[in-house]
Amino acid sequence: HDLRTPLARLRLETELSVSDIEARANMAADIAQLDAIIGKFLDYARPGNVNLTSVPLREVIEACLFSVRNRTDMRFNLDLSDDLMVLADEVELGRVITNLLENARRYGKSLDTGVAVVDIAAKARDKWVMLRVRDHGMGVSTEQLANLTKPFYRGEAARTAANGAGLGLAIVEKTISSMGGTFVLSNTTSGGLAANIKLQRAPAA
């Protein structure tokens with residue numbers, strides 16, 4: 001918070017002192033990007049302690065989709081039941097889903113349509129819930145897959161959804177790990193990148 005307060009002040013001073021509208025808009029955009037990057041650093045630096053509770057997975061996903069429901073450059077396919085419950089920190093899980101959706105929006109669009117089609121599917125398997133978020137974009141090279149979750153790594157397609165920081169997918173992996181799950185990226189056979197998440201299944205009430 002302390003790091004971001006000066007940026008808010010700078011943005012206000014820029015709006016008041018720069019008379020040229022275009023220059024003011026460009027400066028404001030640069031400041032907003034810096035603010036986003038600092039936000040990613042703060043997210044990554046946050047302690048990994050989480051409070052795990054029984055969370056309805058579909059409700060969390062639908063809440064994340066609500067904020068992008070009016071986007072014309074995204075389309076979603078959901079395949080999961082209403083009764084899937086996972087052990088998770090609800091706020092942190094929402095951040096994970098939002099991060100993956102933003103990554104798909106930025107880098108998973110079809111070259112033909114300019115639309116990012118995102119498939120979200122989940123199913124229970126023994127004591128786990130397997131969640132898969134995939135797009136239908138170009139995917140990445142095999143060499144890059146192992147590096148995409150490394151902090152500050154910038155692949156040739158910049159598939160880190162971190163507004164320049166290279167932390168987006170690293171934050172996802174760290175968060176999922178803190179909840180006792182696993183996070184693995186893979187290319188799909190039909191094209192596109194898939195985020196494969198394994199979360200602890202909540203015990204039946």
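Here a colleague asks a modeller about the sheet and two helices of a predicted model.

Colleague: What is the order of the strands in the open sheet?

Modeller: The order is β2-β4-β5-β7-β6, five strands with mixed pairing. Neighbouring strands are turned by 15 degrees against each other on average, direction ignored.

Colleague: Why do β2 and β6 stand at the edges?

Modeller: β2 (74-79) and β6 (182-187) each have a single partner strand, so one side of each is left without a neighbour in the sheet.

Colleague: How do you know that β2 and β4 count as paired?

Modeller: Pairing needs at least two bridges. Six bridges join β2 to β4 (residues 116-125), so by that cut-off they pair. The two strands run parallel. Leu78 stands opposite Ile120 in β4.

Colleague: What makes β5 and β7 a pair, and in which sense?

Modeller: They share seven bridges, against a cut-off of at least two, so they count as paired. The sense is antiparallel. Arg132 stands opposite Asn196 in β7.

Colleague: What joins β6 to β7?

Modeller: Six bridges join them, and they run antiparallel. Ser186 faces Ala194 of β7 across the pairing. The two strands form a hairpin with five residues between them. In the turn, Gly191 has a positive phi of about 105 degrees.

Colleague: Which helices lie on the sheet?

Modeller: Helix α3 (residues 57-66) lies across β2, β4 and β5 (128-134). Helix α4 (residues 90-107) touches β2, β4, β5, β6 and β7 (193-200). The direction of α4 makes about 145 degrees with that of β4.

Colleague: What is the direction of α3 relative to β2 called?

Modeller: Roughly antiparallel, because the angle is about 170 degrees and the term applies over 145.

Colleague: Why are α3 and α4 called oblique to each other?

Modeller: They pack at an angle of about 50 degrees. Roughly parallel needs under 35, and roughly perpendicular runs from 65 to 115. The angle fits neither, nor is it over 145, so the helices are oblique. Their axes are 9 Å apart, and the crossing is right-handed.

Colleague: Which residues make the contact between α3 and α4?

Modeller: From α3 come Leu57, Val60, Ile61, Cys64 and Leu65. From α4 come Glu90, Leu93, Gly94, Ile97, Thr98 and Leu101.

Colleague: How many of these are nonpolar, polar and charged?

Modeller: Eight are nonpolar, two polar and one charged. Glu90 is in the charged class, because Glu counts as charged. Gly94 is in the polar class, because Gly counts as polar.

How values were computed: Residues are numbered from 1 along each chain as its sequence is written. This is a predicted model: local features need pLDDT of at least 70, side-chain atom pairs count only at pLDDT 80 or more; totals for chains, interfaces and linings use all residues. Side-chain values use heavy atoms; hydrogens and water are left out. Helices (H or I, at least four residues) and strands (E, at least two) are DSSP runs, numbered from the N terminus. Axes are lines fitted to C-alpha atoms, for helices over the stretch in contact, and angles run from 0 to 180 degrees between N-to-C directions. Contact means heavy atoms within 4.5 Å. A crossing is left-handed if the near helix is turned anticlockwise from the far one by less than a right angle, and right-handed if clockwise.
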